[in-house]
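User: I have a set of chains here and want to go through how they fit together. Can we start with the symmetry?

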6 protein chains.
Amino acid sequence: MNRRYEELTGPEILDRICGSSTLLLPIGAVEQHGPHLPLAVDHIIAHETATAVVESVGEELDVWLLPTLSISKSNEHAWSPGTLWFSAATMMSILRDLGRAVASTGAERLVLLNGHGGNTTLLNTALRELRLEFGLKTFLVHPSVPPAYGGVSNASELGMGIHGGLNETSVFMHLRPDLVDLSKAERKVPEALADNQFVKFGGPVMFGWLSNDFDAAGYIGDPTGANTDLGKQLFEANVAHLGAQMSEIATFDFGR
Amino acid sequence: MNRRYEELTGPEILDRICGSSTLLLPIGAVEQHGPHLPLAVDHIIAHETATAVVESVGEELDVWLLPTLSISKSNEHAWSPGTLWFSAATMMSILRDLGRAVASTGAERLVLLNGHGGNTTLLNTALRELRLEFGLKTFLVHPSVPPAYGGVSNASELGMGIHGGLNETSVFMHLRPDLVDLSKAERKVPEALADNQFVKFGGPVMFGWLSNDFDAAGYIGDPTGANTDLGKQLFEANVAHLGAQMSEIATFDFGR
Amino acid sequence: MNRRYEELTGPEILDRICGSSTLLLPIGAVEQHGPHLPLAVDHIIAHETATAVVESVGEELDVWLLPTLSISKSNEHAWSPGTLWFSAATMMSILRDLGRAVASTGAERLVLLNGHGGNTTLLNTALRELRLEFGLKTFLVHPSVPPAYGGVSNASELGMGIHGGLNETSVFMHLRPDLVDLSKAERKVPEALADNQFVKFGGPVMFGWLSNDFDAAGYIGDPTGANTDLGKQLFEANVAHLGAQMSEIATFDFGR
Amino acid sequence: MNRRYEELTGPEILDRICGSSTLLLPIGAVEQHGPHLPLAVDHIIAHETATAVVESVGEELDVWLLPTLSISKSNEHAWSPGTLWFSAATMMSILRDLGRAVASTGAERLVLLNGHGGNTTLLNTALRELRLEFGLKTFLVHPSVPPAYGGVSNASELGMGIHGGLNETSVFMHLRPDLVDLSKAERKVPEALADNQFVKFGGPVMFGWLSNDFDAAGYIGDPTGANTDLGKQLFEANVAHLGAQMSEIATFDFGR
Amino acid sequence: MNRRYEELTGPEILDRICGSSTLLLPIGAVEQHGPHLPLAVDHIIAHETATAVVESVGEELDVWLLPTLSISKSNEHAWSPGTLWFSAATMMSILRDLGRAVASTGAERLVLLNGHGGNTTLLNTALRELRLEFGLKTFLVHPSVPPAYGGVSNASELGMGIHGGLNETSVFMHLRPDLVDLSKAERKVPEALADNQFVKFGGPVMFGWLSNDFDAAGYIGDPTGANTDLGKQLFEANVAHLGAQMSEIATFDFGR
Amino acid sequence: MNRRYEELTGPEILDRICGSSTLLLPIGAVEQHGPHLPLAVDHIIAHETATAVVESVGEELDVWLLPTLSISKSNEHAWSPGTLWFSAATMMSILRDLGRAVASTGAERLVLLNGHGGNTTLLNTALRELRLEFGLKTFLVHPSVPPAYGGVSNASELGMGIHGGLNETSVFMHLRPDLVDLSKAERKVPEALADNQFVKFGGPVMFGWLSNDFDAAGYIGDPTGANTDLGKQLFEANVAHLGAQMSEIATFDFGR
């Protein structure tokens, strides 16, 4: 059965979408990813991952796939000509408008599947805004998998392969090998950060950064060893992991 | 050669996009179109039309295809659960943000290819905003073809087949026959308007309307005679016509 | 009988304005019109035209004249010191606030009589916003007359006498001959545009422009032949034509 | 010599407006004023007063009359159907846009002549905003005259004739006797306030109020004794007084 | 009894705050005050004054002390590095959000105790906004005392000791002698203004100014004679005077 | 030496604040915390923690303490009368205004010390906004300590003592024992969440929640065992831990 929301008719929305339905919104980005990857990386990964998740568990869990939001808040790459980015205010307005529309269907659950790390905190803020204003149950998931679910730890990147690094490049190679040029990839790991105890990616002190703060190339990680085998393995693990998350989401309640 | 903007890398943007380049932004909508058509009609028509135009003339005219904006200002369908719509303010913010990003590439021309009539006046307003703020040459085109270029006049619809009517349904059947159910289509022509001399679609008195002002079904036109032959003919004429328009746009200058 | 809205008292609003009433808002502009015309052209034309229309048909059709909005969105002339202009956001806020106030009276119809072409698309957008938010029936009319109603076609201007050209200058000379100095007028027709098939005023490709894109003088047309006889003829035809439009508006319904 | 700003042409703005020029913006209101006065009171008083001031001192002091802003922030009368009012945010946007335009002319002084008390604090706030953002010298004056300059003290109104009371009604009768109906006027003085030491109009404790907080009739004062003689005397004194103020404004500098 | 609002628990809010309660919001500023005073002057004076008022009359009048808003709209000092200031729009948003929260408690009266003159007109505007939107009775008071209540007239400052002058410096010395350095104080009275009949502080013509318009030092008045005796006398008189104002506020009604 | 920013004079800001200075902004909240704790919990903890940190390391690291922002975005408690909360838009405006002011001083580092978990994602978003717009190095720290630094793991709360639970209540008892009433505390742990693998506090699926989604009492955790010994131990560990973080922040650079 087709689970693409936009392929329903208006009357079908009333028939098919109900309180038990979950709507899944993939959110990508169109932003520089260094010389080895195209702008579309996050757009394509979010879209393909969400599509695979809905193919896998959509029927069982009554999940519907919303059209992918291809562009989002990529202002850490504003310095790079060509990056398409929405301001924080525009992005919040988009989410508010979509939350209002989703609430009109009678669905109670909206899941944001976010392919761009630069959105995470804003989307997390939006979860509460939409819950408060429209009464939706709101969730945010990411298409990456922790080591316990099959992800690799990437010690070689010192845990900092966060933008155009080994895992992302590999997953993207699996999806679109024609768009990757590893001959242009180098190791771009901000080694200095690794010595920090607190101020580092995932550390207890959060910090503001732009993608050219570390290196003019604008990517962060070591994609040189990327390969499609790893990409396939990660992608499939991600989809399986997200399926498990969607399963818990589909029956989640606050228990009050 | 691939002309999808988002498939370029950051450094390639600098190499490939320049003052003579034209960037083409398809704008769709995800909104109710009656019981015979899915929400995605405008999204898919805008996307497919723009893709075909770029395939046809992109190389010759140095046109690049931006990612399709699937959702837009569909508030004339706000009454219909499931329609995804941005407010006028959100839509204007989106366009402003994109205009700023496009201007950063060095391209001088931005073309909006608008698949949803409800956007036309706002987009037209935005043309000047983006020209004034970012210095871009801005253009707005539509994927429909006037009679002189192969379109049919649809006298049977009294010229009012504006939403889910004969032409749109036919074009969409050509693109996605699996998503059309003509058995649910009826004639929904607001006959009363036809007697008006001034207050009518395309008349000298513009008027505010919502899509359920005329009929609870929310579509306007007579799709009952839609067919893929007509759809194919219209689509191909549209693409050819837009190619001619893009050709003029590519060399347009104010002559000062 | 006096039909000036602002000359009613508060209690009279309740007595005199009702569902069958139509409120007419003239919208002008205070913007450069070249060296032969004052900034006030659109302000005065909108005001005088609306006044004459209400004198002509106000009593019969229950039309009330709102105070003229003298300044509006003239940002195509932002380059010209002295032009008074509201941003698109300010203009939309003004219209929203006025729509809310008009809806409070019980009148169901609001007509915008727009004397400045630079407003048209934004006002057209606002028609739907006000209909959706306040339930008003909203209309937009213009004080210019098509050839079929007595207007001249101005082949000499190649159809491009859109700002300070023959017709506008003539109408204004009829109203305020003391404020016109034809000795400073020249032919300023952007001839290059005339060869365009698509990208031209009124052509199928809309485009963003500023009034100094074509010529540093900032006006567009050929006012050299302007005269009060033509102006009188056009003005009277405009008023008659608008009266006919108001008549249709006064009884307009969606027929549902 | 004509001193109406909007009757200048664009090139004349450059010639005639300079650093020594003062631009005067009359600000009215269209709001309920009780059953004896029309909505237009503040609009007409501001317009007529400003016009007379410029006739009196414009040539000598190089003052130019901007078009009257007829509608403003009248939300204390939002309860009364028909009152046309801008929100505080809209009003501030209007002033900012006008400040930007005025600054583009090279004039250094902008004077707001405010006919509606409900605007005073917002306009006063705007004086600083425009000075900070555009470098203008900004001023706010009012068309009412203190006792020392010929005004009457109105002890009979306990100093509370602030909206539709004796002075305002008299001045308006002088300007437009056809629009006043004293037979509908009553004494509407909020006597209870008079006993207050602090919380009262002009007292040290400012307080928020709406015009129907005191009485459902919505006006405040005692217009029953209004007459054109008093109105004429007040109007002429006001104009003279404002002329003196303009004279000081025209040469005002901060002395640094 | 403790009258600090923030020291109540959530359930106590419901028990203790009711229609007869008055909530008092002290509003300070953190802005340059010349070389003899710290940025905190307005913050500390507003906080200490409000605290003393509530200690004095809180129990009797059912007044609750809200947490002090330390920073506000100090844009007349935007030129001075270090001044912390909110834009007018931010400040209005803060007040609107707080008004909404206060209205949720069931209290009917909100008093703003404003320690920074640069806020006065904006706060006065907000009084009406909050009354209209949330139905609150709203008041604005200031911690300074007129001569009739024990204040000194400061003829030596020509009535212009408005920022860092004799009275303010003295009051602050009383509160925080450790933070005052009179050795750096000079007489900074804009003498030129004193000759003005209209355009002056408290004059009938309001004008926009920044604190460095008069003198690069950025303070206005003559603090050289400041002393703690005067400060103590003024502070105590202010508190007593505000207590009397609060007493009238606590029973204020519109009398309708 | 005094390190309170607001106790500097304007000229001292220029002398004392420079590129090596770090400005520390404590951010609290005034929101319901159940029946056993006052609204002020986050305000007081943020203020006291930041004060202690600056006392400890301010001199050594050139840290300056900004005035505490007592109120913030507490909209998860909007349902609870009395909670004072700023909308997300207001909060972002406040941070933007403060970022602009901080950047004017020449300091390069701004640290937000956030006492209210509901702000975390918005503040994290703001870090990038301020870095991009004003060039500041921006950081976000929290006054809680992980187990490795002396915190307790609270297995008894199933890791969900996030609002008014054991640790927070203990720390607050240490600071203000007079404001805690443990006799009203109960165990309020949302046990159902503990069984979730993904959708839980700190789990990989983020979710939108309001504080009364789990229980009408609005607090989350088990404060019944709270005590001042634990509170003192945690507070001191927090301060020490934050001092270490500030030390790394003070010399942090991107290494490019």
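User: What rotation puts chain B on chain A?

Analyst: This is a predicted model. In it, chain B superposes on chain A after a rotation of 180° with 0.0 Å of shift along the axis, at an RMSD of 0.0 Å. That is therefore the relation of a two-fold axis.

User: Which residue of chain B comes closest to the rotation axis?

Analyst: Thr90(B), with its C-alpha at 3.2 Å. As for the surface used, 100% of the contact residues of chain B recur in chain A, and the same surface serves both copies.

User: How many residues does the contact take from chain B and from chain A?

Analyst: 42 residues from chain B and 42 residues from chain A. On the side of chain B that touches chain A, α1 (10–16) and α3 (88–103) of chain B each supply at least two residues. The most come from α3(B), which gives seven residues.

User: And how does that side of chain B divide by class?

Analyst: The side of chain B that touches chain A has 22 nonpolar, 17 polar and three charged residues.

User: Now chain F. What turn and shift lay chain F on chain A?

Analyst: A turn of 180° and a shift of 0.0 Å along the axis, with an RMSD of 0.0 Å. In chain F, the C-alpha nearest the axis belongs to Thr121(F), 2.3 Å from it. Here 98% of the interface residues of chain F are also interface residues in chain A, so the copies meet through the same surface.

User: How many residues are in contact between chain F and chain A?

Analyst: 43 residues of chain F are in contact with 42 residues of chain A. The elements giving two or more residues to the side of chain F that touches chain A are α3 (88–103), α4 (120–134), β4 (137–141), β5 (206–207) and α7 (228–251) of chain F.

User: Which of those gives the most?

Analyst: On the side of chain F that touches chain A, α4(F) gives the most, with 10 residues. By class, that side of chain F has 25 nonpolar, 10 polar and eight charged residues.

User: Do strands come into it? In what sense do β4 of chain A and β5(F) pair, parallel or antiparallel?

Analyst: Strand β4 (residues 137–141) of chain A pairs with β5(F) in the antiparallel sense, over two bridges. Phe139(A) has Phe207(F) in β5(F) as its bridge partner.

User: What is the strand order in the open sheet of five strands?

Analyst: The order is β5(A)-β4(F)-β3(F)-β1(F)-β2(F), with mixed pairing. The edge strands are β5 (206–207) of chain A and β2 (63–65) of chain F, each of which pairs on one side only.

User: How many bridges join β1 of chain F and β2(F)?

Analyst: Three bridges join strand β1 (residues 22–27) of chain F to β2(F), in the parallel sense. Thr22(F) stands opposite Val63(F) in β2(F). Helix α4(F) packs on this sheet, where it touches β5 of chain A as well as β3 (109–114) and β4 of chain F. The direction of α4(F) makes about 170° with that of β4(F).

User: What about the other chains? How far is chain F from chain C?

Analyst: No contact joins chain C and chain F, and their closest C-alpha atoms lie 18 Å apart. Chain D and chain F are not joined by a contact either, with their closest C-alpha atoms 15 Å apart.

User: Switching to helix packing. At what angle do α2 and α5 of chain A cross?

Analyst: Helix α2 (residues 41–61) and helix α5 (residues 166–175) of chain A have axes that come within 10 Å and cross at roughly 65°. That makes α2(A) roughly perpendicular to α5(A). The crossing of α2(A) past α5(A) is left-handed.

User: Which residues make that contact between α2(A) and α5(A)?

Analyst: From α2(A), Val41(A), Ile44(A), Ile45(A) and Glu48(A); from α5(A), Glu168(A), Val171(A), Phe172(A) and Leu175(A). The contact of α2(A) with α5(A) divides into six nonpolar, no polar and two charged residues.

User: And in chain D, how do the axes of α3 and α4 cross?

Analyst: Helix α3 (residues 88–103) and helix α4 (residues 120–134) of chain D have axes that come within 10 Å and cross at roughly 40°. They are therefore oblique to each other. Here α3(D) passes α4(D) in a right-handed crossing. Among the residues making the contact are Met91(D) and Leu95(D) of α3(D) and Ala126(D) and Leu130(D) of α4(D). By class, the contact of α3(D) with α4(D) has nine nonpolar, one polar and four charged residues.

Methods:
Residues numbered from 1 in each chain as written. Chains lettered and ligands numbered in written order. Predicted model: local features only at pLDDT ≥ 70, side-chain atom pairs only at ≥ 80, totals over all residues. Axes fitted to C-alpha atoms, helices over the stretch in contact; angles between N-to-C directions. Helix = DSSP H or I, 4+ residues; strand = E, 2+ residues; numbered from the N terminus. Parallel < 35°, antiparallel > 145°, perpendicular 65-115°, else oblique. Left-handed = near helix turned anticlockwise from the far one by under 90°. Contact = placed C-beta atoms within 7 Å. Nonpolar A, V, L, I, M, F, W, Y, C, P; charged D, E, K, R; others polar. Least-squares fit on C-alpha atoms with pLDDT ≥ 70 in both. Pairing = 2+ DSSP bridges.
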